[in-house]
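Hello,

Here is the structure you will be working with. Please open it first, then read the notes below it.

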Amino acid sequence: MFTGIVEELGEITAVETLDDACRFRLRGPAVTEGARHGDSIAVNGVCLTVVDHEGDEFTADVMAETLKRSSLGVLAVGSRVNLERPTAVGARLGGHIVQGHVDGTGEILERKPSEHWELVKISLPADLARYVVEKGSITVDGISLTVVDAGPDFFTVSLIPTTLALTTLGIKQPGDPVNLEVDVIAKYVERLLGTQGGTR
């Protein structure tokens with residue numbers, strides 16, 4: 001489990017394209033410290049498994065399903081990515097419960113800078129809109145954020161200077177894709193209420 005609090009801004013250093021997958025090599029000094037084969041690291045909000053690591057770099061395989069559901073397929077050598085290790089048991093939950101299982105992708109629609117923060121508008125797939133509510137939580141490229149406004153096909157978030165400086169949302173522009181993970185609790189509630197309603 002992750003919390004959506006990005007530990008560092010990493011970089012893709014190599015991409016190997018396979019028949020039905022690809023292999024990334026990524027640089028991330030903080031997240032590779034103490035890393036072992038089989039560990040999980042979230043890359044732009046996608047939970048990936050460490051295949052190998054050496055120094056401050058690690059490799060991870062990405063299967064076709066993940067490439068289809070996320071924006072990882074557009075990454076290339078030099079792309080910057082948000083990196084986070086799983087939260088330790090007993091640690092503070094600084095963001096919200098994040099699984100690293102991307103529900104879909106959105107697109108940066110608009111950026112409105114202000115003196116101390118920036119409002120970012122992001123497109124929202126129709127099948128995810130029901131899970132996104134004003135002042136609720138959403139994960140964008142692995143970043144735990146609070147929804148400012150929620151529309152039928154978009155939502156907005158306000159970004160503080162720290163988020164702009166330390167994550168990919170500081171450099172992404174209108175037209176760029178982002179990974180979205182909605183609040184898992186909302187999905188479970190919907191499923192439980194649906195099942196309960198169907199048995200009456």
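The notes below go through a barrel, a buried serine and a second group of strands.

Please keep in mind that this is a predicted model.

The barrel. Six strands make a closed barrel, in the order S1-S2-S5-S4-S3-S6, and their pairing is antiparallel. From one strand to the next the twist averages 45°. Within this barrel, S1 covers residues 8–17 and S2 covers residues 21–27; the two pair antiparallel over 6 bridges. If you want a place to look, take Ile12, whose bridge partner in S2 is Leu26.

The serine. Ser71 sits in the loop that links helix H2 (64–69) to strand S6 (80–84), and S6 is also one of the barrel strands. Is Ser71 buried or exposed? Its relative accessible area is 5%, and because buried means under 20%, Ser71 counts as buried. Setting aside neighbours within four places in sequence, Ser71 is in contact with Thr105, Asp141, Pro177, Val178 and Asn179.

The second group of strands. Some of those contacts lead to strands S7 (residues 104–113) and S12 (residues 177–182), which run antiparallel and are joined by 4 bridges. Here Gly106 stands opposite Val178 of S12, and Val178 is also among the contacts of Ser71. S7 pairs with strand S8 (residues 118–123) as well, again in the antiparallel sense, over 5 bridges. In that pairing Ile108 stands opposite Ile122 of S8. S7 and S8 form a hairpin, with 4 residues between them.

Regards

Definitions and conventions. Residues numbered from 1 in each chain as written. Predicted model: local features only at pLDDT ≥ 70, side-chain atom pairs only at ≥ 80, totals over all residues. Heavy atoms only, no water. Pairing = 2+ DSSP bridges. Axes fitted to C-alpha atoms, helices over the stretch in contact; angles between N-to-C directions. Buried < 20%, exposed > 50% of the residue type's maximum accessible area, 1.4 Å probe, protein only. Contact = heavy atoms within 4.5 Å.
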